[in-house]
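Reader: I keep running into labels like "buried" and "salt bridge" and I never know what backs them up. Can we go through some of them together?

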Amino acid sequence: MHVVIRTKLEIFVEAHALGEIEGMLERVGFKGCSVFAGVEGTGSHGTWRQTGVDEAGMRLVITIGSEASAEAALTWLGDYFKSYPGVVATSEVKVLRPERF
């Protein structure tokens, strides 16, 4: 089995930011992403829970791509998070079918 190392980004942002985040990911070279709804959690500001009433909610964006694309995205996100809430985690992953990433 031949696997290739790629970089995974897990970006947690407010739902209204999705369009901007997805556009940035495409511009820096990511070929796609998956978006999941956040329901509840805890963090530096305590516990949070989506009630579904008058809330846009939180979203987790997961994408996998080249190290160069990830570095460009992290630079952009570093600037973005100076003004808007959110967090990002990175990790190296092994993938099959590397042409898809």
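Author: Sure. Keep in mind that this is a predicted model. A good place to begin is that the structure holds one salt bridge.

Reader: Which residues form that salt bridge, and what makes it one?

Author: The side chains of Asp79 and Lys82 form it, with 3.4 Å from N to O. The cut-off is a Lys or Arg side-chain nitrogen within 4 Å of a carboxyl oxygen of Asp or Glu. A Lys nitrogen and an Asp oxygen at 3.4 Å pass that test, so the pair earns the name.

Reader: Why is Lys82 called exposed?

Author: Its relative accessible area is 68%. Exposed means over 50%, so Lys82 qualifies.

Reader: And Asp79, why does that one count as partly exposed?

Author: Asp79 comes out at 46% relative accessibility. Buried is under 20% and exposed is over 50%, so a value in between is called partly exposed.

Reader: What about Gly78: where is it, and why is it called partly exposed?

Author: Gly78 is part of helix 2, which covers residues 67-80. Its relative accessible area is 35%, and that lies between the 20% and 50% limits, so partly exposed is the right label. Also, the C-alpha atoms of Gly78 and Val88 are 9.2 Å apart, with the two residues ten apart along the chain.

Reader: Now Thr7. How do you know whether it is buried or exposed?

Author: Thr7 has a relative accessible area of 13%. The limit for buried is under 20%, so Thr7 is buried. You'll find Thr7 in strand 1, residues 4-14.

Reader: Which residues is Thr7 in contact with, once its neighbours within four places in sequence are left aside?

Author: Among them are Phe30, Thr63, Ile64, Ala70 and Thr90. To be called a contact, heavy atoms have to be within 4.5 Å.

Reader: How much of the chain is buried?

Author: Of the 101 residues in the chain, 26% are buried.

Reader: And what is the pattern of helices and strands along the sequence?

Author: It reads β-α-β-β-β-β-α-β. In total there are two helices and six strands.

Reader: Last one: how many positive and negative side chains are there, and what makes a side chain count?

Author: Lys and Arg count as positive, Asp and Glu as negative. On that basis the chain has 10 positive and 13 negative side chains, and the centres of the two sets are 8 Å apart.

Technical notes: Residues are numbered from 1 along each chain as its sequence is written. This is a predicted model: local features need pLDDT of at least 70, side-chain atom pairs count only at pLDDT 80 or more; totals for chains, interfaces and linings use all residues. Side-chain values use heavy atoms; hydrogens and water are left out. Buried means under 20% relative accessible area, exposed over 50%, partly exposed in between (1.4 Å probe, protein chains only). Helices (H or I, at least four residues) and strands (E, at least two) are DSSP runs, numbered from the N terminus. The place of a charge is taken as NZ of Lys, CZ of Arg, CG of Asp or CD of Glu.
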